[in-house]
Amino acid sequence: QVQLVESGGGLVQPGGSLRLSCAASGSFSRVDGMAWYRQAPGKQRELVATTTRYGTTTYADSVKGRFTISRDNAKNTVYLHMNSLKPEDTAVYYCNANVSPAPWATGVYYWGQGTQVTVSS
């Protein structure tokens, strides 16, 4: 069984910074694409940032220049560095990862449990 465990959320003032972490654990061969999504109250879940295993990244327009996604393949961990936070960044942030159970096997997508980020003065 694969688990994605997130950490790092909390309450921060506008203009502040936070770093989220998401670590994959369990029995698997490798972790390929990883991503962060977020869901604000009353809104649909939206894609925030993605990273391939080799470090190619993409970002939602709303976070470009403020958020940075990175990963440590040795630790099977993805990070989201969030700077210049705004009240509209308030949401539950979810980690998503494509995990291969065995070499050459098709990957399976897993979700983390979510971590709350609140930006407020």
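The following paragraphs describe the strands, the disulfide, the nonpolar core and two loop residues of a predicted model.

In this predicted model, local features require pLDDT of at least 70 and side-chain atom pairs count only at pLDDT 80 or more, whereas totals for chains, interfaces and linings use all residues. Residues are numbered from 1 along each chain as its sequence is written, and side-chain values use heavy atoms, with hydrogens and water left out.

Strands here are DSSP runs of E with at least two residues, numbered from the N terminus; two of them pair if DSSP finds at least two bridges between them. Strands of a sheet pair through backbone hydrogen bonds, either parallel or antiparallel.

An open sheet of four strands provides the starting point: its order is β1-β3-β8-β7, and the pairing is antiparallel. The edges are formed by β1 (2-7) and β7 (67-72), each of which pairs on one side only. From one strand to the next the twist averages 15°, where axes are lines fitted to C-alpha atoms and angles run from 0 to 180 degrees between N-to-C directions. Six bridges connect β1 and β3 in the antiparallel sense, and S7 has S21 as its bridge partner in β3. Strand β3 (residues 18-26) is also joined to strand β8 (residues 77-82), again antiparallel and over six bridges; here R19 is partnered by H81 of β8.

In a regular strand the side chains alternate between the two faces of the sheet. Strand β1 shows such an alternation: V2, L4 and E6 point to one face and are buried, while Q3, V5 and S7 point to the other and are not. Buried denotes under 20% relative accessible area, exposed over 50%, and partly exposed the range in between, with a 1.4 Å probe and protein chains only.

Strand β9 (91-100) has several pairing partners. Eight bridges join β4 to β9 in the antiparallel sense, with M34 opposite A97 of β9. Strand β10 (residues 108-111) pairs with β9 over four antiparallel bridges, and N98 has Y109 as its partner in β10. The pairing of β9 with β11 is antiparallel over three bridges; within it, A91 is matched with V117 and V92 with Q116. Nine of the 10 residues of β9 are buried.

Strand β11 (residues 115-119) has a covered face, made up of T115, V117 and V119, and an uncovered one, made up of Q116 and T118. Strand β2 (residues 10-12) runs parallel to β11 and is joined to it by three bridges, with L11 opposite T118.

A covalent link also involves β9. The whole structure contains one disulfide, a term for a pair of cysteine sulfur atoms within 2.5 Å. It is formed by C22 and C95, whose sulfur atoms are 2.1 Å apart. The two cysteines lie in distant parts of the chain, C22 in β3 and C95 in β9, 73 residues apart. The link is left-handed, with -75° about the S-S bond, and both C22 and C95 are buried.

The largest nonpolar core has 29 residues; such a core is a set of buried Ala, Val, Leu, Ile, Met, Phe, Trp, Tyr and Cys residues joined through side-chain atoms within 4.5 Å. W36, V48, F67, L80, M82 and Y93 have the most contacts inside this core. Two or more residues come from each of β1, β3, β4 (30-39), β5 (46-51), β7, β8, β9 and β11, and β9 gives the most, with five. Leaving aside neighbours within four places in sequence, F67 is in contact (heavy atoms within 4.5 Å) with residues including V48, L80, M82, Y93 and D89.

D89 also meets R66, a residue of the loop between β6 (57-59) and β7. The side chains of R66 and D89 are joined by a polar contact of 2.7 Å, that is, a pair of N or O atoms within 3.5 Å, of which, within protein, one must be able to donate a hydrogen and the other to accept it, residues adjacent in sequence counting only if both atoms are side-chain atoms. R66 is classed as buried because its relative accessible area is 10%. Beyond four places in sequence, R66 also touches H81, M82, N83, S84, L85 and K86.

P87, by contrast, counts as partly exposed because its relative accessibility is 47%. This proline is located in the loop between β8 and β9. Apart from neighbours within four places in sequence, P87 is in contact with P14 and V119. The C-alpha atoms of P87 and T118 are separated by 7.3 Å, although the two residues are 31 apart along the chain.
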